[in-house]
Amino acid sequence: MATSLHLSRFFISTGVLTPDTTGSRRCIPLPSRKSLSVRCSGDPSASVAVDSDNFDAKAFRHNLTRSKNYNRRGFGHKEETLQLMNREYTSDITKKLRENGNVYTWGNVTVKLAEAYGFCWGVERAVQIAYEARKQFPDERIWITNEIIHNPTVNKRLEEMDVKNIPVEEGKKQFEVVDKGDVVILPAFGAAVDEMLALNDKNVQIVDTTCPWVSKVWNSVEKHRKGDYTSIIHGKYSHEETIATASFAGTYIVVKNMAEATYVCDYILGGELNGSSSTKEEFLEKFKYAVSKGFDPDRDLVKVGIANQTTMLKGETEEIGKLAERTMMRKYGVENVNGHFISFNTICDATQERQDAMYKLVEEHLDLILVVGGWNSSNTSHLQEIAEDRGIPSYWVDSEQRIGPGNRIAYKLNHGELVEKENWLPEGPITIGVTSGASTPDKAVEDVLIKVFDIKHEETLQLA
């Protein structure tokens, strides 16, 4: 089981994809290979050419990880870099909360902190290895293929350390800027097969910070592929992690939620589940950015396997798996289900722990909830979703800069709408629930709470 650590208690322990201005994703094609489409894009026509007869993504990655230019274990600077991260990202406020059973009162503000929150083990590891890379290569140019995690504070810090993002022009990553001898970091979400191919061809130093839980999902879809099962991936088709996972799959379809999964299963049953599906043409239009090239729902939904983006709601992934299994039982008979359905447990422990803690937190008596985390963070969005579903006023902010001037806040809702609100903090004594996404350092939580304390302190002075 993955163990969640907070920084204040460290133990010195595809063509190339990118979003364009329209929101679709494109790839830089790699020449001189027989054509096999590896999707790395919201645009189904975007693909990278690899050897269709002999290419084995898992074998390629296996060989890459054993090359002299590849590193995923750090460079021997762990203690030093962890100490630096402790100075930059830890919080006296969250420390005080943990020392007092996750509840503490400052003035007329009582804060109840979720039992599991903030930096998970995989994120902590990714950031720490990235710090080590700069220490190990002080003079080399260092690039990163995507944000290392979905948190603006950490990403800005890496920019300050002169870790450069691969530039993007007309929706395409410009990998030609990377030269032999440069260092390239793969983020915690991982990288698509085509991206690894491009870097391998350039003979650069690769520093791989991919979360092992993400790699576990890749292994699952590889098993689907070898067994001729279509991977039903519970995730967001444009999310970096899901794009990488899809590149290791054979045939796949990405479903965002239970409604989309139900549509797929209804189609499998010929409209006899709930009648939500329609024609083959409408099916392909609905999922045009979320399926492998050449996907045919009549041919490719006979044998299915379940996988997931590790940041999705645990309960929903489980329900989608159960629905798919029941669908195959109904279609082919209970005695034949193993020939038509396969599933492996790929739910990330850290994601599960934060969601379980949030479900527990919303049972408390709270005036409101603060959810702190990057606005492009999938796992944080689901924490906000839990609060919204419970009907508790909940404010998802990515930094303290979203609060003020005065008693004003700009926050996001789970579905992405940006909202501004005046007088969001009630007058008088209040109790606030607080949690943060798996990519959020404790210092970001502290900065947000200090803004809250300042507003309430000013209120007290005005009433005096």
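This passage goes through the pocket, the cavity, one helix pair and two backbone oddities of a predicted model.

Let's start with the open space. The largest pocket holds about 800 Å³. Its lining counts 36 residues, and those closest to the pocket centre are Lys236, Ser238, His239, Lys256 and Ser378. Two elements, helix 10 (280-286) and helix 14 (378-390), give two or more residues each to this lining. Helix 14 has the largest share, with four residues. As for chemistry, the pocket lining splits into 14 polar, twelve charged and ten nonpolar residues.

Next comes the enclosed space. In the largest cavity there is about 220 Å³ of room. Here 21 residues make up the lining, and Cys120, Val123, Phe189, Thr310 and Thr311 are the ones closest to the cavity centre. At least two lining residues apiece come from helix 4 (121-136), helix 13 (349-361) and helix 14. Helix 14 thus turns up on both lists, as a contributor to the pocket lining and to the cavity lining. The make-up of the cavity lining is ten nonpolar residues, ten polar ones and just one charged.

Helix 4 also has a packing partner. Two packed helices are described by the angle between their axes and the distance between the axes. For helix 2 (residues 78-89) and helix 4, the angle is about 115° and the axes lie 9 Å apart. Angles of 65 to 115 degrees count as roughly perpendicular, so that is the label for helix 2 and helix 4. The crossing of helix 2 past helix 4 is right-handed. On the helix 2 side, the contact is built from Lys78, Glu80, Thr81, Leu82, Leu84, Met85, Glu88 and Tyr89, while helix 4 brings in Glu124, Val127, Gln128, Tyr131, Glu132 and Lys135. Sorted by type, the residues of this contact are six nonpolar, six charged and two polar.

Finally, a couple of backbone details are worth a look, both of them in loops. The peptide bond joining Gly404 and Pro405 is cis, with omega at about 0°. Pro405 sits in the loop between strand 17 (394-397) and strand 18 (408-412). The other detail concerns Asn203, which is not a glycine yet has a positive phi of about 60°. Asn203 belongs to the loop that runs between helix 6 (193-202) and strand 11 (205-208).

Conventions
Residues are numbered from 1 along each chain as its sequence is written. This is a predicted model: local features need pLDDT of at least 70, side-chain atom pairs count only at pLDDT 80 or more; totals for chains, interfaces and linings use all residues. Side-chain values use heavy atoms; hydrogens and water are left out. On a 1 Å grid over the protein atoms alone, a cavity is a set of points where a 1.4 Å probe fits but cannot get out, and a pocket is an open set with protein on both sides within 12 Å along at least five of seven lines; lining residues have an atom within 4 Å of a point. Grid points are joined across faces, edges and corners, and a volume is the space filled by probe spheres set on the points. Ala, Val, Leu, Ile, Met, Phe, Trp, Tyr, Cys and Pro count as nonpolar, Asp, Glu, Lys and Arg as charged, and the others, Gly among them, as polar. Axes are lines fitted to C-alpha atoms, for helices over the stretch in contact, and angles run from 0 to 180 degrees between N-to-C directions. Angles under 35 degrees count as roughly parallel, over 145 as roughly antiparallel, 65 to 115 as roughly perpendicular and the rest as oblique. A crossing is left-handed if the near helix is turned anticlockwise from the far one by less than a right angle, and right-handed if clockwise. Contact means heavy atoms within 4.5 Å.
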